[in-house]
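Biologist: Please take a close look at one buried spot and follow its surroundings outward. Which residues meet there, and what else do their helices take part in?

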Amino acid sequence: MTVHLYQRPATRTGSDHLDHLLVRVADGDEAAFAALYREVAAPVHGLARRILHSTVHAEEVVQEVLLEVWRTAPRYRPERGTALAWVLTMAHRRAVDRVRSVRAARAREERDARRAGPVGGSVPEQVEERIEAQRVRSGLARLTGAQRESLVLAYYGGYSQSDIARILDLPLGTVKSRMRAGLRRLRTAYEEA
């Protein structure tokens with residue numbers, strides 16, 4: 001029997017169980033983290049998907065939130081609320097940040113496009129530039145949300161890879177990998193167009 005990554009486990013456990021798992025995760029217990037992951041991945045994914053309206057972005061949020069849970073588990077305080085509430089609060093915050101980031105990138109692209117206006121030069125040059133721009137947009141549409149976000153921040157936003165890692169709260173290596181993979185996919189899409 002195969003189980004989807006975000007499918008709820010067959011048996012439901014109480015919040016006390018999740019609280020206990022999170023306390024063990026804070027002590028570096030990898031088995032407890034695996035069990036916690038199985039328990040909270042589905043609710044985190046559901047929340048992120050409702051906010052983002054995108055399965056791809058929601059899956060990325062799940063990964064980012066659970067990595068944050070692993071790193072910040074020692075900050076969890078059971079007396080302040082349940083483990084699930086703590087994790088879902090992180091997920092909500094991360095998903096809302098992602099929405100804002102995507103909207104800001106889109107607004108910058110639109111603003112830059114309006115500012116650029118029609119480029120001078122001959123009609124054949126303008127047509128060629130528009131074709132090139134369409135090929136780039138088409139290529140960007142084929143990227144994953146994470147790849148597109150990183151590349152847009154770098155090339156349209158003018159941010160360095162270190163800046164992007166800080167903005168997205170990701171490790172620098174993750175940003176570099178996303179950009180490298182995105183550029184490869186963009187190159188392939190560009191050559192096919």
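Modeller: Leaving aside neighbours within four places in sequence, Ser 101 is in contact with Glu 149 and Leu 168 (contact means heavy atoms within 4.5 Å). The model is a predicted one, in which local features need pLDDT of at least 70 and side-chain atom pairs pLDDT 80 or more, while totals for chains, interfaces and linings use all residues. Numbering starts from 1 along each chain as its sequence is written, and side-chain values rest on heavy atoms, without hydrogens or water.

Ser 101 sits in helix H4 (helices are DSSP runs of H or I, at least four residues, numbered from the N terminus). Ser 101 counts as buried because its relative accessibility is 14% (buried is under 20%, exposed over 50%, partly exposed in between, with a 1.4 Å probe and protein chains only). Its partner Glu 149 belongs to helix H6, residues 145-155, and is buried too, because its relative accessibility is 7%. Beyond four places in sequence, Glu 149 touches Arg 98, Val 102 and Leu 168 as well as Ser 101.

Arg 98 and Leu 168 lead on to the second largest pocket: together with Arg 94, Asp 97 and Ile 167, they are the lining residues nearest its centre. A pocket is an open set of 1 Å grid points where a 1.4 Å probe fits, with protein on both sides within 12 Å along at least five of seven lines; lining residues have an atom within 4 Å of a point. The lining has 13 residues, and H4 (83-116) gives the largest share, seven. H3 (55-72), H4 and H7 (161-168) each supply at least two. By class, nine lining residues are charged, three nonpolar and one polar (charged: Asp, Glu, Lys, Arg; nonpolar: Ala, Val, Leu, Ile, Met, Phe, Trp, Tyr, Cys, Pro; polar: the others).

After H7 comes Asp 169, in the loop between H7 and helix H8 (172-192). Asp 169 has a positive phi near 55° although it is not a glycine. Most residues other than glycine have a negative phi. Asp 169 is partly exposed, with a relative accessible area of 41%.

H3, which also contributes to the pocket lining, packs against helix H2 (residues 30-52) at about 140°, with axes 8 Å apart. The residues of this contact include Phe 33, Leu 36, Tyr 37 and Val 40 of H2 and Val 61, Val 62, Leu 66 and Trp 70 of H3. In contrast to the pocket lining, with its nine charged residues, the contact of H2 with H3 has 15 nonpolar, four polar and three charged residues. Axes are lines fitted to C-alpha atoms over the stretch in contact, and angles run from 0 to 180 degrees between N-to-C directions. The loop between H2 and H3 holds His 53, another non-glycine residue with a positive phi, about 55°. His 53 is exposed, at 69% relative accessible area.
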